[in-house]
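Biologist: I have a new model open and would like to go through its sheets and cores with you. Could you tell me what stands behind each label?

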Amino acid sequence: MLYSRQGTTETIAEVEAEQDDEAVAKDADQGGEEAADLGPEEASEASEAGLTPDAELPHYSTEDGDVEAPPSYSKAVSFERLSFGSRDDSAGQSHMAVSPDESRSDRLESSILPPLTHELTASELLLNKMFHDDELEESEKFYVGQPRFLLLFYAMYNTLVARSEMVCYFVIILNHMVSASMITLVLPILIFLWAMLSVPRPSRRFWMMAIVYTEVAIVVKYFFQFGFFPWNKNVELNKDKPFHPPNIIGVEKKEGYVLYDLIQLLALFFHRSILKCHGLWDEDDITDSGTDKEESDDELSLSRGRRASSDSLKSINLAASAESVHVSFPEQPTAIRRKRSGSSSQISPRSSFSSNRSKRGSTSTRNSSQKGSSVLSIKQKSKRELYMEKLQEHLIKAKAFTIKKTLQIYVPIRQFFYNLIHPDYSAVTDVYVLMFLADTVDFVIIVFGFWAFGKHSAAADITSSLSEDQVPGPFLVMVLIQFGTMVVDRALYLRKTVLGKVIFQVILVFGIHFWMFFILPGVTERKFSQNLVAQLWYFVKCVYFGLSAYQIRCGYPTRVLGNFLTKSYNYVNLFLFQGFRLVPFLTELRAVMDWVWTDTTLSLSSWICVEDIYAHIFILKCWRESEKRYPQPRGQKKKKVVKYGMGGMIIVLLICIVWFPLLFMSLIKSVAGVINQPLDVSVTITLGGYQPIFTMSAQQSQLKVMDQPKFNKFMKAFSRDTGAMQFLENYEKEDITVAELEGNSNSLWTISPPSKQKMISELMDPNSSFSVVFSWSIQRNMSLGAKAEIATDKLSFPLKNTTREHIAKMIAGNNTESSRTPVTIEKIYPYYVKAPSDSNSKPIKQLLSENNFMNITIILSRDNTTKSNSEWWVLNLTGNRIYNQHAQALELVVFNDKVSPPSLGFLAGYGIMGLYASVVLVIGKVCP
């Protein structure tokens, strides 16, 4: 009958115990007969070992004898062939055949097992198929023939079972991210400082503590959900306060308050069932019992040595008192065997011998004290002295108890970290690259999500802040701390100090958790569970903590220098390594750090030279490896596919780099340009620097976009003008806006009487210079990508003498006929203007007849109905217009340039010359 290790530990131990009892009884029967032929010393050694001279090894016969195989197949030997038969089986049929080679037919007649040359576990035996079993083969065929989806499900379940502790860690961390309270803070810290640092796996004590703690947390949360607690009466008012005591502790009233705790408890029980199924749940008890057995064996051997050197019949213990003489005879040595549960401890003869000595000593001392008490008289003590003695005795006991409990807590923790720093064996590994990648991801999260770590920067953008030469405080602090931890981690990695890594792990775990769950909510004034970016950052940091704990548990490798990209030679590593070297100051920083924290005799300059040599050697090896993978026979010209494929791509790439600025600036507006129509168009006319005579603006409905018929008519009017058509081909109808300006000024002409008289005298003086100033402004949407929000310009024109006289008479108002006749000002109105992305708006002379501006008429209107004598100017545009030909108004046609999208605005802002200076020259410098 064969036994398998697939059962529980209790079943295996019970079988072993039963067969050990049978073997001891059988040896006891045969030991008496054979002990007569042996010497005293040989007989004692044989009795202690439990073996006879003819029973050194178990005999397994292949023909006779009802013999069963050993009960435990935790390890099996790889022998040629061994069969187990029965005496009563006359046909000679064997129950089971063990053979690594089924083709062999010979059987070993020897009854002694061959030497243990190779050991296999039970799972390896099943995988290597050393034991032929029809049921196992049928089961394997059955599972192989299942649908792929079902096989995928089996594989996922097996992966879940194999990494069940990782599932528990993930659920615990997820529960803490969602709850973010002091109740859920304990287990994540214990995971990173206890469970993940345990070798080879977390003990049963940790899992029991996690299970009990989760159950207690569920009960506590349930108890505080009742409404009679005062903080549960205003739940909606205090649920978003980060420092509300129930929110910090984790006992606030909310929906689904124990959902994640129940999931966590379910995961823990699932892992517990897996450990029990594989016999790993009682591993701590087995280890303790094994230690007790070793200690008892040592005590037994020590007692044998003492008995050999001393008298074997009796030992006389002389006590301090001469009245008592005690004679003790040594007990017969009992067989010390590990029990099934491993919890019972055996008492060695040495311990019993010591206890007898102490008892005898105490008895003799007590007898002597009694005799002395009968002779001497004892002085009676006062009650106060007795009370003081009792108090002192209790203080000593309390102090001893405190020290004992403190040592019970401190010594295991100290021993745990001591064993971690000074392991008996170490499975060396190197996960620094993964830790560095986790830190890099956290760095990127800080850069692009720094607004989640500040109070009043919820809608801020790091690019806009830096463009305004402003560095946010939280962003700077977090970046410096993150970069500092990366530098310290690199230093510990180069020094290969496990002690420093453990200290850094402890400080980082406590510091990160204290900052994320106590300081950050106070800075941001919102709970951690409501900060998605902070939760993502914390989860990536937990991945880093797990990798760091794995590195501590396994130890640092002997050789840590070298770039991880240089481990293999291919195109991917080559291009990544070249990109790494192009990052400013990163290569130099790494080289200096390696030189500082590495024991070397080289100077810093020599070290950097060696690093540069290694880099060039790696690049050459990559090219040589590519030549091996894609060989080319010597003396043969390159194929056209290679020449036109690779060479053609390089030519196109170089041409694109050279002409990139022109292509980019041309295509960014024509293909990806955004239409930026004006929001406000304003016009102002001023005479000789005095109070403006006309001010008007057009907004919303007064800003019109030409429809398709009007646009076609507009384009047809310039069809014969080559210069105009060349200008118009860059614009579409959506880019043209017609602003209708009311003819009446929207403000009164409030000039003072002295200024008016002076203005009239200057207009009437032909020797003085007097001009009219026409200015306009166009306001756009800045968020669409325009460089400036307002584009403005102004034009100044001198007035003719006749025009000046008419305007002076109109202002004086003496002649009623002159005051009511409009005055024409020639060639001062720019009917077509351009609104580029910058702030410089210019008139479009290509579209004006003979490059001349248009005429306008002005008239000063007075309110004669009231005594206020209000005055305002009225203007009218002469000539053809697009809208309202006969209305008394002004009209301005604005051509709007398309702006680059906001995502490409940082490149378009440099302009053509800036792109040439930044892109072409930099690439030419990098790739000589």
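Modeller: Let us take the sheets, then the cores. Please keep in mind that this is a predicted model.

Biologist: Gladly! What makes S7 and S8 a strand pair?

Modeller: Pairing asks for at least two bridges between two strands. Strand S7 (residues 680–687) and S8 are joined by six bridges, so they count as paired, and they run antiparallel. Among the matches, Ile685 has Phe694 as its bridge partner in S8, and Val683 stands opposite Met696. In the hairpin, six residues lie between the two strands, and Gly688 takes a positive phi near 60°.

Biologist: Which side chains of strand S8 are buried, and which are not?

Modeller: The side chains of S8 (residues 694–699) alternate. Phe694, Met696 and Ala698 point to one face and are buried, so each has under 20% relative accessible area. Thr695, Ser697 and Gln699 point to the other face and are not buried.

Biologist: Why are S8 and S12 said to stand at the edges?

Modeller: The open sheet has four strands in the order S8-S7-S11-S12, with antiparallel pairing. S8 and strand S12 (790–798) each have a single partner strand, so one side of each is left without a neighbour in the sheet. Neighbouring strands here are turned by 10° against each other on average, direction ignored.

Biologist: And the sheet S13-S16-S17, which are its edge strands?

Modeller: That open sheet has three strands, again paired antiparallel. Strand S13 (823–829) and strand S17 (871–877) pair on one side only, and they are the edge strands. The twist averages 35° from one strand to the next.

Biologist: How do you know that S16 and S17 pair?

Modeller: Strand S16 (residues 854–862) shares seven bridges with S17 in the antiparallel sense. At least two are needed, so the pair qualifies. Arg862, for one, stands opposite Glu871 in S17. Helix H28 (residues 801–812) packs on this sheet, touching S13, S16 and S17, and its direction makes about 20° with that of S16.

Biologist: Lovely. Which residues have the most contacts inside the largest nonpolar core?

Modeller: They are Tyr829, Tyr832, Ile856, Trp873 and Phe895, in a core of 67 residues. To belong, residues of the nonpolar set must be buried and joined through side-chain atoms within 4.5 Å. Tyr829 touches residues including Leu741, Phe774, Phe853, Ile856 and Leu877, not counting those up to four places away in sequence. A second, separate core has 65 residues, among them Ile189, Ala195, Phe206 and Trp281.

Key: Residues numbered from 1 in each chain as written. Predicted model: local features only at pLDDT ≥ 70, side-chain atom pairs only at ≥ 80, totals over all residues. Heavy atoms only, no water. Buried < 20%, exposed > 50% of the residue type's maximum accessible area, 1.4 Å probe, protein only. Contact = heavy atoms within 4.5 Å. Axes fitted to C-alpha atoms, helices over the stretch in contact; angles between N-to-C directions.
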